[in-house]
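Please open the model in your viewer and keep the sequence panel beside it. The tour below goes from one selection to the next and says what is found at each stop.

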Number of protein chains: 2
Amino acid sequence: MHESPSRWPSAPADEDRDDVPFQLSRIAGNLEALEETIIHRLVDRAQFRADRKAYQAGQSGFDGEDERSLLEVRLAHHEAMDATFGRYCDPVERPFTGGLPASRRAVTLGVTGLAVDDFDVVNRTAGILAAYLQLVPRFCPAGDDRQYGSCTEHDVAALQAIARRVHYGALYVAESKWRAASAELAGLAAAGDDDGLLKAITRPDVEAAILDRVAEKAANVQSCANSTVRQLVAPDVIVAFYRDTVIPLTKEGQVAYLLNRRRDR
Amino acid sequence: MHESPSRWPSAPADEDRDDVPFQLSRIAGNLEALEETIIHRLVDRAQFRADRKAYQAGQSGFDGEDERSLLEVRLAHHEAMDATFGRYCDPVERPFTGGLPASRRAVTLGVTGLAVDDFDVVNRTAGILAAYLQLVPRFCPAGDDRQYGSCTEHDVAALQAIARRVHYGALYVAESKWRAASAELAGLAAAGDDDGLLKAITRPDVEAAILDRVAEKAANVQSCANSTVRQLVAPDVIVAFYRDTVIPLTKEGQVAYLLNRRRDR
């Protein structure tokens, strides 16, 4: 089985209880634990310059690749490999690219408790990628160091960490809220009321707490770095990305989940 | 061109000077900047349990893979992909696996200033992998969470970060020391005096400073983490890995470089 943040860091005994993965405090803890990983990967990417050519079509250096950028080629190759290892058998792992091969590895996925027929209804990778490409020149130093291979490796690692947070939140927070208020949410979903659903799932106080925590972590993670040899990332930039991209896309995914949630269980 | 820490975070004007990549202070700065990346990747791996099955032959879940562990299969696939992107064109990037395909990407590598015919004389990946496998149960929580796919992804990321540090140090520190004392080192190398070379390149005060810095960084990187939702790694464990593995293997690589350094330039 692939990574599923809902299973960690629980004590094994907890796992036997069906409702445990959907306790909101537990889900919030798992979302919190993913913050450091996202921060680490953004800060590591920032050790290379913005390297615009890595994102331009036809500049990948691959023969005959006129349409795709190096990042697009890298994402496609990386996700094809990941797919053969069974990554996308896990509901939380949603891919950025299509046409992926089947898993070559036997993967046993436990009962998820989720109730949509297609986990990809929550897939927000297009939005994540577009926002990330806007972010790169804001958190990486300007210029071109020709380290395109390295920077796209780090991009893929960062994108996967962000996607895991968005899709874990979309699936598990939405299901948790459904279980707590299924009559209200089912009514809004049946009426196709996106705005009503968005309002019903929004918790401004929780969002504010997340942003404060991310700011503090982004500063602390870098507090011992020697800025003469290592590029620092302003915590504000990471906070703004959380505020303008990570949180809104997670909520969009939740609304999509609720609109598509099965009513028969 | 792939990542080459020697080129970062230099100002472009510096790059025109041939001797700049071999200034010891500059190399030390680049080695220092790689420490956070190693710490980040170890701490992220520790969010999964030790998962011994991921390292046992025949347990990968791949049909017909009786000899290799999941980590070995993952490393082979990952490095084959990396090779097609040109990663191993960079002297600093030495692979863990053999039989890799040629680069499919046009990679322009500048003049390195290094003077060995085969960069793989410094390759210490076998030692890195063996030591890392010993390390896993010491820095990851005991037990099995069945997250083998995720943990081996993180293993590959950690191994690559460690290898980059070891091989960058092996190549660039050794060449720098050669340039500062070529007569002495050439004499020891001509006599095949490994022990003499090891003694000549060893700087106990520098090693002690590295260990102090790594301890401080490992603590600070995790200082804001909520230990009820995120696994912490004891800084001592990372310091011991640096002391017993990273530094000795870097020096072994330096000795190998000096023994194989060309005398004609």
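Begin with a residue in a loop: select B:Asp51, which is found between helix H1 (24-45) and H2 of chain B. Bear in mind throughout that this is a predicted model. B:Asp51 is not a glycine, yet its phi is positive, at about 50 degrees. Is this residue buried or exposed? With a relative accessible area of 0%, B:Asp51 is buried.

For a second backbone of this kind, move along chain B to B:Arg146, which lies in the loop between H3 and H4. Here too phi is positive in a residue other than glycine, with a value near 60 degrees. B:Arg146 has a relative accessible area of 37% and is therefore partly exposed, the range for that class running from 20% to 50%.

**The two chains together**

Now display both chains and look for the relation between them. Chain A is superposed on chain B by a rotation of 180 degrees, with 0.0 Å of shift along the axis and an RMSD of 0.0 Å. This is the relation of a two-fold axis. To find where the axis runs, select A:Val221, whose C-alpha, at 2.0 Å, comes closest to the rotation axis among the residues of chain A. Of the interface residues of chain A, 100% are also interface residues in chain B, so the copies meet through the same surface.

**H2 against H2**

Next, select residues 70-84 in each chain, which form helix H2 of chain A and helix H2 of chain B. Two packed helices are described by the angle between their axes and the distance between the axes. For this pair the angle is about 160 degrees and the axes are 11 Å apart. H2(A) is therefore roughly antiparallel to H2(B), a description that applies to angles over 145 degrees. The crossing of H2(A) and H2(B) is right-handed. To see what makes the contact, show the side chains of A:Arg74, A:His77, A:His78, A:Met81 and A:Asp82 on H2(A), together with B:Arg74, B:His77, B:His78, B:Met81 and B:Asp82 on H2(B). Sorted by class, the residues of this contact are 2 nonpolar, 4 polar and 4 charged.

Two of these residues deserve a selection of their own. A:Arg74, in helix H2 of chain A, counts as buried at 3% relative accessibility. Which residues does A:Arg74 contact, leaving aside its neighbours within four places in sequence? In its own chain they are A:Thr152, A:Glu153 and A:Val156, and across in chain B they are B:His78, B:Met81, B:Asp82 and B:Phe85.

A:Asp82, also in helix H2 of chain A, is buried as well, with a relative accessible area of 0%. Not counting residues up to four places away in sequence, A:Asp82 touches A:Arg87, A:Tyr88 and A:Gln160, and in chain B it touches B:Arg74 and B:Glu153. If you draw a distance from the C-alpha of A:Asp82 to that of A:Ala102, which is 20 residues away along the chain, the viewer should give 9.9 Å.

**Helix H3 and its partners**

Stay in chain A and select helix H3 (residues 125-139) with helix H8 (residues 235-260), which pack at an angle of about 175 degrees with their axes 11 Å apart. That makes H3(A) roughly antiparallel to H8(A). On the H3(A) side the contact includes A:Gly127, A:Ile128, A:Tyr132 and A:Phe139, and on the H8(A) side it is made by A:Val237, A:Phe241, A:Thr245 and A:Leu249. The residues of this contact divide into 8 nonpolar, 2 polar and 1 charged.

Then go to chain B, where the axes of helix H3 (residues 125-139) and helix H4 (residues 148-180) come within 10 Å and cross at roughly 135 degrees. That makes H3(B) oblique to H4(B), and H3(B) passes H4(B) in a right-handed crossing. The residues to show are B:Thr125, B:Ile128, B:Leu129, B:Tyr132 and B:Val136 of H3(B), with B:Ala158, B:Leu159 and B:Ile162 among those of H4(B). By class, the contact has 9 nonpolar, 2 polar and 1 charged residues.

**Last stop**

Finally, select B:Asp194 in helix H6 (residues 194-201) of chain B, which counts as partly exposed at 40% relative accessibility. B:Asp194 and B:Ala256 are 62 residues apart in sequence, and their C-alpha atoms are 8.4 Å apart in space. Beyond its neighbours within four places in sequence, B:Asp194 is in contact with B:Val255 and B:Leu259.

Methods:
Residues are numbered from 1 along each chain as its sequence is written. Chains are lettered from A and ligands numbered from 1 in the order in which they are written. This is a predicted model: local features need pLDDT of at least 70, side-chain atom pairs count only at pLDDT 80 or more; totals for chains, interfaces and linings use all residues. Side-chain values use heavy atoms; hydrogens and water are left out. Copies are superposed by least squares on the C-alpha atoms of residues with pLDDT of at least 70 in both. Contact means heavy atoms within 4.5 Å. Axes are lines fitted to C-alpha atoms, for helices over the stretch in contact, and angles run from 0 to 180 degrees between N-to-C directions. Helices (H or I, at least four residues) and strands (E, at least two) are DSSP runs, numbered from the N terminus. Angles under 35 degrees count as roughly parallel, over 145 as roughly antiparallel, 65 to 115 as roughly perpendicular and the rest as oblique. A crossing is left-handed if the near helix is turned anticlockwise from the far one by less than a right angle, and right-handed if clockwise. Ala, Val, Leu, Ile, Met, Phe, Trp, Tyr, Cys and Pro count as nonpolar, Asp, Glu, Lys and Arg as charged, and the others, Gly among them, as polar. Buried means under 20% relative accessible area, exposed over 50%, partly exposed in between (1.4 Å probe, protein chains only).
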